[in-house]
Amino acid sequence: MLFRRIRGIFSNDLSIDLGTANTLIYARGQGVVLDEPSVVAIRQDRGPGGGKSVAAVGDEAKQMLGRTPKNITAIRPMKDGVIADFTVTEKMLQHFIHKVHETKLIRPSPRVLVCVPCGSTQVERRAIKESAAGAGAREVYLIEEPMAAAIGAGLPVDEARGSMVLDIGGGTSEVAVISLNGIVYANSVRVGGDRFDDAIINYVRRNYGTLIGEATAEIVKKAIGSAFPGNEVKEIEVKGRNLAEGIPRSFTLNSNEILESLQEPLSGIVGAVKAALEQTPPELGADVAERGIVLTGGGALLRDIDRLLEEETGLPVLIAEDPLTCVAKGGGRALEMLDERGGELLFAVE
Amino acid sequence: MNAGSAEDNIEQDVLDGPGKKLKALRVAKNLDLGRVASLLHLSEEKLRSLEAEDYQALPGPVFIQGYIRNYARLLGVSPEPLLSAFRSQNPEKDRHPELRISQVQHEVQSSHLLMRLMTWVIVIGLVVLVVIWWKGYLKWPLMMNSTPNQENSQNISEEEDDGGPGFASLPSFFDGPDDETDSTTGGNLSLPSLEQMDEQETPSGINEKEVPAIDEAPPPSETEVSPPSQPVADEPLPDTPTTVTETPPAATETARVVVLFKGKSWTRISDASGRFKIQEEISAGSRRALQGDAPYELVLGNASVVEITIDGEVFDLTPHIRGNVARFTLDPDRISR
């Protein structure tokens, strides 16, 4: 006990939003201390039997995506909200935990709360738990993402009123109705920012006969992507490899084209929200209709996605303040609660 | 009025609340409240409360900020000044939701109080066991030697016919007046008694030699056991109960009833006081001398192979045998009379 406390002095308790696209770390009392892409570059050492080592993690590794030589592979160890590559995830977490403790001489051993998609299986949860433990966490707690998102957005989750939250992440979109500290209904669809990028890549290949990379697609999405037809049409110039000629070519995309390309993944999200409204008990449904749906996650930054959902559902749709960090902040607040209540009282935490 | 001048207006009257500004903008745009409400998917009532800045009638700050943002966007102005005005008006009380358990799936960690307590209990238990073992380390081999007798000494005295009379009959003859550990009491065996047993018991080889020589010379083991006042063992045996330990005839002296098993038999015998009890399967060739107070309750399985002698005389079992099992009460006094 004493030993753990001593180590606790030297390490911050962390809430980690281990996302498909970005990993956010919220340190207790400090706010969001890390926001980096969930990308790891692995270097295969030369020579026969050469081992593997981590070349870069985070922002640096993301720049390498699709631009690596033969002996380096830049990979995204998370896929659809869950771990796709166990050891790489562990390395990445280890790196991030060290990074937020970089002034410390003693090896950090924090308590960690990790957010998991509500649709993840026991196996996937176990993998995340073990991965965090392997990265040096002395205790690992799991919380379901919609719950963390709702707390982080500041929704009154403790009230006996239904609050609907839609968290559009990189790999998954989670929609949940929360009341009295519990999840009444939750659904997770494997549609998120990544699917938007893929949709743009496919659209460009089909209509322009040109191949663009994931990074380019993401830039396009952020610059001119929108979910609802607007008044102004934006344009962006992109470069890709022309499939017919095999030569890089430059061309211009406009926001209407991107809107068109995003229809399919967007309809997946709209469908999930509609299904959630259908499945919600009527009393809670009435609360949601009265107050509105709250959007969190990086996907909420897609222009006019709230208007799309408003039009489709006929309900008020609100974007939470600072939607990207809602989940991490909510997890952090849950972690604080964990301490205040003596480590016993916490809802929906494993 | 274009959007730019509207924003200028907002900045000018910072002291005005966001609701009033939104209302002014709406009126300036000549928009009817009902139309705005339908565009925002909000009820007119809510919108009126928002414009009147009656925040009690609206859900929470999250929702209010969302409504302001949507309203501002509808009117084509930047929501930020309005939001900051709202925040300055309503400094966000650090409202933490009352989080309570809805489902606790807390894994019991090694740091858990219960786990730590249990660990300590186990550790202390182990230490105590080790100490006990260490203290009794030298005694154990001796106790191991005497275990058959020790077990029986709680209830009975067992005499193995092939084991030599002096060896097997020991515990039953601890009833001597100077022997503090009465073997028939069935109480805890204290270490001294074990030592005494050992003194008497271990030289069983010697006993075998000495039993025939009992009339010739006092054996050394007897002098140890018997009181100093009786150095010689060639006096009549009934007078010296402690020396009796060495000789089988003495068995019949203290225990009047002796049960001899010629074959294997399941036996249950209890005396009147309840202190003496046998309940076990006894192998062929064994002998049991009954202790305790008469009368005895006997149940003898395979009764045809059991022979009972009272004061050396054979007791006839046949009247009590039903289907080769004898159940009866035996009172030696009544029979001898």
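Start in chain A by selecting strands β3, β2, β1, β9 and β10: these 5 strands form an open sheet, in exactly that order, with mixed pairing. Look next at the two ends of the row, β3 (31–37) and β10 (139–144). Each of them has a single partner strand, so one side of each is left without a neighbour in the sheet. Turn the view a little and you can follow the twist: neighbouring strands here are turned by 20° against each other on average, direction ignored. Keep in mind as you go that this is a predicted model.

**Inside the first sheet**

Strands of a sheet pair through backbone hydrogen bonds, either parallel or antiparallel. Now select residues 14–18 and 111–116 of chain A. These are β1 and β9, which run parallel and are joined by 3 bridges. Which residue of β9(A) is the bridge partner of A:Ser15? Click on A:Leu113 to find that partner.

Then add residues 145–153 of chain A to your selection. This is helix α5, which lies across β1, β9 and β10 of chain A. Helix α5 runs at about 80° to β10(A).

**A second sheet in chain A**

Move on to β5, β4 and β6 of chain A, in that order: 3 strands forming an open sheet with antiparallel pairing. The edge strands are β5 (52–57) and β6 (72–75), and each pairs on one side only. On average, neighbouring strands in this sheet are turned by 25° against each other, direction ignored.

Zoom in on β4 (residues 40–44), which pairs with β5(A) over 5 bridges in the antiparallel sense. To see one of the paired positions, select A:Gln44 together with A:Lys52, its bridge partner in β5(A). Next, show helix α3 (residues 86–100) of chain A, which lies across β4, β5 and β6 and runs at about 50° to β5(A).

**A hairpin**

Select residues 173–179 and 182–189 of chain A. Here β12 and β13 run antiparallel, joined by 7 bridges. A:Ile178 has A:Ile183 as its bridge partner in β13(A). The hairpin has 2 residues between the strands, and A:Leu180 takes a positive phi near 50°.

**Over to chain B**

Finally, select B:Lys46 in helix α4 (residues 44–51) of chain B. Is this lysine buried or exposed? B:Lys46 counts as buried because its relative accessibility is 8%, and the cut-off for buried is under 20%. Leaving aside neighbours within four places in sequence, B:Lys46 is in contact with B:Leu58, B:Pro59, B:Tyr67 and, from chain A, A:Glu290.

Terms used
Residues are numbered from 1 along each chain as its sequence is written. Chains are lettered from A and ligands numbered from 1 in the order in which they are written. This is a predicted model: local features need pLDDT of at least 70, side-chain atom pairs count only at pLDDT 80 or more; totals for chains, interfaces and linings use all residues. Side-chain values use heavy atoms; hydrogens and water are left out. Two strands pair if DSSP finds at least two bridges between them. Helices (H or I, at least four residues) and strands (E, at least two) are DSSP runs, numbered from the N terminus. Buried means under 20% relative accessible area, exposed over 50%, partly exposed in between (1.4 Å probe, protein chains only). Contact means heavy atoms within 4.5 Å. Axes are lines fitted to C-alpha atoms, for helices over the stretch in contact, and angles run from 0 to 180 degrees between N-to-C directions.
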